[in-house]
Amino acid sequence: MSRFKSDFLRTLDERGFIHQVSDEAGLDELFSKETVTGYIGFDPTAPSLHVGSLIQIMMLHWMQQTGHRPISLMGGGTGMVGDPSFKDEARQLMTIDTIESNIGSIKRVFSNYLAYGDGPKDALMINNADWLRGLNYLEFLRDVGRHFSVNRMLSFESVKTRLDREQSLSFLEFNYMILQAYDFVELANRYDCRLQMGGSDQWGNIVNGIDLGHRMGTPQLFALTSPLLTTSSGAKMGKSATGAVWLNPEMLSAYDFWQYWRNTEDADVPRFLKLYTTLPMDEIARLSALGGAEVNEVKKLLATEVTAILHGRAAAEEAAETARKTFEEGGLSENLPSVEVPSAELDAGIGLLTLIVRAGLAGSNGEARRHVQGGAVRINDQPVSDERKVIGTGEVTSDGVIKLSLGKKKHILVRPA
């Protein structure tokens, strides 16, 4: 029996999204009696968000599904400063052009999870540059800055972590938490936004916004944070052996995205079904009770369901079928990721290590060499142990490609161009 009466908080609670709430009873009451507007901020530090942001996007999804209005706030203004939270060093500053380009790229992912529009429950995509870039510094100091205690800001865990390590924290970054708090107040005034959500590392920043709203006369504001997720083995969500697990398809294919979820550790499967799919809870309970070899089938289902939301059902099922042909039938699927190599290079011959790096299966020749020495590399399903091997047109199969494999689960088709 959930401790919440509102559909939204009950859904988040039973699916494992809740870490802290600033006023459980008050927020539950608010969601029970009216349509609530809430937001999460996303900083445009790259052209795509990665899997680490997916838990936040799913929280906005469930907010809309339970009859409320989510705001995805793009940090076009705060992105010029950078969030210091739990970073070892200052972020590189981005130009406005880079920020705008990143926002345009990131936006496309959200429409797979949220329905945007002008209706009372339609999601909103807002850029905090709308109010931050035009601020008058002296007026901002007088009207907003005076409400902040430096003593209190120094006590925040994200700041203390940097200072305890004797790492520099610039005045620019220190201002980030003031700007984020001001965002909450602006959204409250402009859109009657009452809730800010985020990861548990954002708790201090969000509470700052609640306090600022109280001092500047907004209605009562609320905070809700989700747990910071790691896998059962302690790995950070959003990272894989070959780098970040991006959400934009041009940065990571639907097949590679599907593979990331297929490789979920057994212990994480029930939790990930709750957090990252929209399957009903009774179905998740049934799937979670399966054991033995059936767990692998559940992992495939998890991968297909998560991929279907982001890339569409057809792309998810195609990825699952590609994997089945590749792994279960030992076949060669045209839908495997591929890399083009000029025919002239293949005619002359290309070094194995160079090809492995070119295909994205290693970040350097040294890493590629270790893979070869460890017996992990195969050409056309045949093990290769000679790191000095030269690959040429003789390796091109009757299908017109060379199949380059790393371990059992990573395959790239090398196509002569």
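How much accessible surface does the chain have, and what share of it belongs to carbon and sulfur atoms? I looked this up at the start: the accessible surface comes to about 19,000 Å², and carbon and sulfur atoms hold 48% of it. I note here that the model is a predicted one.

**Overall form.** I listed the secondary structure and found 19 helices and 15 strands in the chain. I then checked the radius of gyration, which is 24 Å, while the globule rule gives 22 Å for 417 residues; the two are close, so the chain is as compact as a globular protein of that length. Along the principal axes, the C-alpha atoms fill a box of roughly 75 × 50 × 40 Å.

**Burial and contacts.** I looked up burial next: 49% of the 417 residues are buried. For contacts with a separation of 6 or more, I found that 72% join residues 24 or more positions apart.

**Charges.** I took the 43 positive and 53 negative charges of the chain and compared their mean positions, which lie 2 Å apart.

**Strand β3.** I picked out β3, residues 69–74, and asked how many of its six residues are buried. The count is six of six. In a regular strand, side chains alternate between the two faces of the sheet. I therefore went through β3 by side: R69, I71 and L73 are on one, P70, S72 and M74 on the other, and both faces are covered.

**Its partner.** Which way do strand β2 and β3 run relative to each other, parallel or antiparallel? I found them parallel, with six bridges joining β2 (residues 37–42) to β3. Within this pairing I noted Y39, which stands opposite I71 of β3.

How values were computed: Residues numbered from 1 in each chain as written. Predicted model: local features only at pLDDT ≥ 70, side-chain atom pairs only at ≥ 80, totals over all residues. Heavy atoms only, no water. Helix = DSSP H or I, 4+ residues; strand = E, 2+ residues; numbered from the N terminus. Rg over C-alpha atoms; globule rule 2.2 N^0.38 Å. Buried < 20%, exposed > 50% of the residue type's maximum accessible area, 1.4 Å probe, protein only. Contact = heavy atoms within 4.5 Å. Areas by Shrake-Rupley, 256 points an atom, 1.4 Å probe, with all protein chains shown as cover. Lys, Arg positive; Asp, Glu negative; His and termini not counted. Charge placed at Lys NZ, Arg CZ, Asp CG, Glu CD. Pairing = 2+ DSSP bridges.
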